[in-house]
Amino acid sequence: MSVREEFDEWATSGRDRGMEERHWHTAKHALARMPVEPGDTVLDLGCGSGYAGRALRDTKDAGRIYGLDGSPEMAHNAASYTDDPQVGYVVGDFGALPFADDSIDHVWSMEAFYYAADPHETLEEIARILRPGGTFYCAVNYYEENVHSHEWQDNIAVEMTRWDRDQYREAFRSADLSVAEQDNVPDREIAIPSEAEFPLEDWDTREAMVEHYREYGTLLTVGVAP
Ligand SMILES: C[S@@+](CC[C@H](N)C(=O)[O-])C[C@H]1O[C@@H](n2cnc3c(N)ncnc32)[C@H](O)[C@@H]1O
């Protein structure tokens, strides 16, 4: 199944807003750290409902915001949630970003990067379009150390890349993005599922499982363009 088929269905069934709600728990902390200056141009890769770019307009007075998504229905929904002329949504693929070299001040991506068919190629594309000193804030909840996320692939037809922390850093460096920081942003607001929905399986105690689930939260890796 293609990205378009998978995520168009999510968008038309209203899951774009559900994702926004869940991802906001940690996204808001990571967005607050972005060194966005008034007037800066920001690209949100795999924007879903587009909430992140709108938040950067509201909180940091970002200039032009682009949200790129492979699902036309996601982009359509995102556009319907704002009438801000400085915010635009485009349909595109992570493999070929429709932006000129050095044209973007900062790139943001939440829970989307690992869907890239070739994540190394996507990093090179990001490095190409970022202006010198521009940053890539890459936030993912699906990664090796977050064992709770491993089963997600069973429910999603698009192939996902599951890197660990080191692999993220190495891949960033290979694309000529220096790693300014890497951090886990804990998700203290997550609703812990009931025991029936989420059996203990490999955990000795439910408390240990819940704490792990919250602590791991979002893996944030920040790259800076040369
Ligand atoms: C799990 S959603 C996350 C959406 C949003 N960033 C959020 O935090 O709620 C992943 C999004 O990435 C988009 N996506 C996945 N693979 C893509 C690709 N190769 N090119 C463009 N968009 C892609 C999907 O269409 C989907 O809207």
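**View 1. The largest nonpolar core and the elements that build it.** In this predicted model, the largest nonpolar core, meaning a set of buried Ala, Val, Leu, Ile, Met, Phe, Trp, Tyr and Cys residues joined through side-chain atoms within 4.5 Å, has 39 residues, and those with the most contacts inside it are Val107, Leu123, Phe136 and Tyr168. Buried stands for under 20% relative accessible area, exposed for over 50% and partly exposed for what lies in between, with a 1.4 Å probe and protein chains only. Two or more residues each are given to this core by helix H1 (3-12), strand S1 (42-45), strand S4 (104-110), helix H5 (119-129), strand S5 (130-140) and helix H6 (165-174), where helices (H or I, at least four residues) and strands (E, at least two) are DSSP runs numbered from the N terminus. A second, separate core has 24 residues, including Val42, Ala55, Leu56 and Trp108. In soluble globular proteins, nonpolar side chains tend to be buried together.

Residues are numbered from 1 along each chain as its sequence is written. Because the model is predicted, local features need pLDDT of at least 70 and side-chain atom pairs count only at pLDDT 80 or more, while totals for chains, interfaces and linings use all residues, and side-chain values use heavy atoms, with hydrogens and water left out.

**View 2. The surroundings of leucine 123.** When neighbours within four places in sequence are left aside, leucine 123 is in contact (heavy atoms within 4.5 Å) with Phe113, Phe136, Trp163, Ala171, Phe172, Ala175 and Leu177.

**View 3. Two aspartates with positive phi.** Most residues other than glycine have a negative phi. Aspartate 61, however, has a positive phi of about 60°; this residue is found in the loop between helix H3 (51-60) and strand S2 (65-69), and counts as partly exposed because its relative accessibility is 47%. Aspartate 176, with a positive phi near 75°, has its place in the loop between H6 and strand S6 (178-185), and is exposed, with a relative accessible area of 52%.

**View 4. The ligand and its shell.** Around the ligand there are 20 residues (each with a heavy atom within 4 Å of it), of which His23, Gly46, Tyr51, Asp69 and Met110 come nearest. Among the polar contacts, which are pairs of N or O atoms within 3.5 Å, an oxygen atom of the ligand is 2.7 Å from a side-chain N or O atom of tyrosine 51, and a polar side-chain atom of aspartate 69 lies 2.5 Å from a ligand oxygen atom.

Notes:
A polar contact is a pair of N or O atoms within 3.5 Å; within protein, one must be able to donate a hydrogen and the other to accept it, and residues adjacent in sequence count only if both atoms are side-chain atoms.
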